[in-house]
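The following note sets out several points for a colleague who will examine the coordinates. Each point treats one part of the structure.

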Amino acid sequence: MTKTIAVAGKGGTGKTTLSALIIDYLARNHKGAVLAIDADPSTNLNLALGVPLYDTVGDVREETATAVGGRGDLAGMSKWDYLDLRINEALVEEMAFDLLAMGRPEGPGCYCAANNILRTSVDRLSDAYDYVVIDNEAGLEHLSRRTTQDVDLLVIVSDPSLRGIIAAGRVAELVDELHTAVGDTYLLVNRVNGEELPEPLTRAIEEHKLKLGGLLPADPAVNELDALGEPITKLPLDSPMRSKLEAFLTSLNGGL
Ligand SMILES: Nc1ncnc2c1ncn2[C@@H]1O[C@H](COP(=O)(O)OP(=O)(O)OP(=O)(O)O)[C@@H](O)[C@H]1O
Ligand SMILES: [Mg+2]
């Protein structure tokens with residue numbers, strides 16, 4: 001059974017950073033085969049993980065629309081097989097995990113047949129892994145569009161601000177309206193200074209019925225790695241930020 005973990009939330013709150021650290025946690029602890037999905041068109045999960053990226057699912061879609069246009073360079077392959085093959089080529093295979101970037105989203109004048117085949121391909125690919133970790137772009141529409149897969153664990157990331165918590169509450173509400181079934185939803189408040197949140201934030205979390213998974217400290221080392229273009233996976237294993245995140249992951253029902 002594949003466990004799907006989706007990371008969502010307002011822009012710039014730390015989704016990509018946390019996705020990369022979750023992937024690294026699963027890989028380091030040999031939890032099974034891990035597929036990282038970068039669902040943000042700006043594709044920077046690979047940088048956070050320190051791996052190269054050549055092709056995205058969006059590129060495959062564009063290229064197929066041209067190739068299937070009739071020049072016969074599919075060499076007798078069905079469109080289905082061709083797309084499957086190309087998705088596998090777009091997959092970045094590393095020792096500890098594989099990475100697939102979705103790239104640019106389906107536009108309004110979409111190639112619907114290709115999209116459906118691609119979605120099925122990605123879903124089928126996901127089935128072959130023990131864990132799928134999805135780094136989402138800010139906003140949520142794609143959670144419903146990208147994949148038909150259910151989400152076992154949704155991590156909503158917020159900064160320690162009232163606006164951030166309200167935005168997180170909206171994400172949780174939106175998820176309720178999606179067709180995607182979500183097992184468990186937790187809020188992680190990131191870049192926190194000190195051990196506690198100010199009272200108004202705690203109250204807002206309660207009012208929005210958000211389940212608080214943990215407070216992750218602001219850590220200058222995180223920012224520094226990002227500024228230097230270094231993978232976040234270089235963050236020391238005993239850094240407070242990593243420790244707090246991993247404490248949350250191990251505290252989950254039966255662990256991850
Ligand atoms: N705990 C932390 N302490 C210090 N800096 C952090 C922390 N978490 C994230 N950052 C920094 O905040 C910035 C935004 O992080 P990140 O790119 O992970 O956010 P995001 O939610 O993925 O953004 P976007 O919505 O643009 O995709 C980065 O510069 C990152 O290094
Ligand atoms: Mg991001």
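Against which elements do the buried residues of α8 pack?

1. Packing of α8. The buried residues of α8 pack against three elements: α7 (162-177), β7 and β8 (212-217). Helix α8 spans residues 199-207, and its buried residues include L201, A204 and I205. Because these residues cover an arc of only 100° around the axis, they lie on the same side of α8. E206 and E207, on the other side of α8, are exposed.

2. Overall composition. The coordinates are those of a predicted model, and the remarks in this note should be read accordingly. The secondary structure of the protein comprises 10 helices and eight strands. The protein has 256 residues, of which 50% count as buried. Among contacts between residues at least 6 apart in sequence, 78% join residues at least 24 apart.

3. The aromatic pair. One aromatic pair is counted. Its members are Y186 and F248, in an edge-to-face arrangement with 5.3 Å from centre to centre and 75° between the planes. The angle qualifies as edge-to-face because the cut-off for that class is over 60 degrees. The pair links distant parts of the chain: Y186 belongs to strand β7 (residues 182-192) and F248 to helix α10 (residues 240-251), with the two positions 62 residues apart in sequence. Both Y186 and F248 are buried. In addition, K211 lies over the face of Y186, at 4.5 Å from the ring centre.

4. The environment of L188. Strand β7 also contains L188. This residue counts as buried because its relative accessible area is 0%, whereas the cut-off for burial is under 20%. Leaving aside neighbours within four places in sequence, L188 is in contact with L18, V155, I156, V157, S158, G213, G214, L216, L245 and F248. F248 is also a member of the aromatic pair with Y186. L188 and D159 are 29 residues apart in sequence, with a C-alpha to C-alpha distance of 8.6 Å.

5. The surroundings of ligand 1. Which residues come nearest to ligand 1? Of the 17 residues around ligand 1, the nearest are K15, T16, T17, R191 and D226. A polar side-chain atom of T17 lies 2.5 Å from an oxygen atom of ligand 1. For D226, the corresponding distance from a polar side-chain atom to an oxygen atom of ligand 1 is 2.6 Å. For R191, a polar side-chain atom is placed 2.7 Å from an oxygen atom of ligand 1.

6. Positive phi values. Most residues other than glycine have a negative phi. H30 has a positive phi of about 50° although it is not a glycine. The loop between α1 (15-28) and β2 (34-38) holds H30. Is H30 buried or exposed? H30 counts as exposed because its relative accessibility is 73%. K209, likewise not a glycine, has a positive phi of about 55°. K209 is found just after α8, in the loop between α8 and β8. With a relative accessibility of 76%, K209 therefore counts as exposed.

Notes. Residues are numbered from 1 along each chain as its sequence is written. Chains are lettered from A and ligands numbered from 1 in the order in which they are written. This is a predicted model: local features need pLDDT of at least 70, side-chain atom pairs count only at pLDDT 80 or more; totals for chains, interfaces and linings use all residues. Side-chain values use heavy atoms; hydrogens and water are left out. Rings of Phe, Tyr and Trp (its six-membered ring) pair if their centres lie within 6.5 Å; planes under 30 degrees apart count as stacked, over 60 as edge-to-face and the rest as tilted. Helices (H or I, at least four residues) and strands (E, at least two) are DSSP runs, numbered from the N terminus. Buried means under 20% relative accessible area, exposed over 50%, partly exposed in between (1.4 Å probe, protein chains only). A charge sits over a ring if NZ of Lys or CZ of Arg is within 6 Å of the ring centre and within 35 degrees of the ring normal. The arc is that of the directions from the helix axis to the C-beta atoms. Contact means heavy atoms within 4.5 Å. A residue is near a molecule or strand if one of its heavy atoms lies within 4 Å of it. A polar contact is a pair of N or O atoms within 3.5 Å; within protein, one must be able to donate a hydrogen and the other to accept it, and residues adjacent in sequence count only if both atoms are side-chain atoms.
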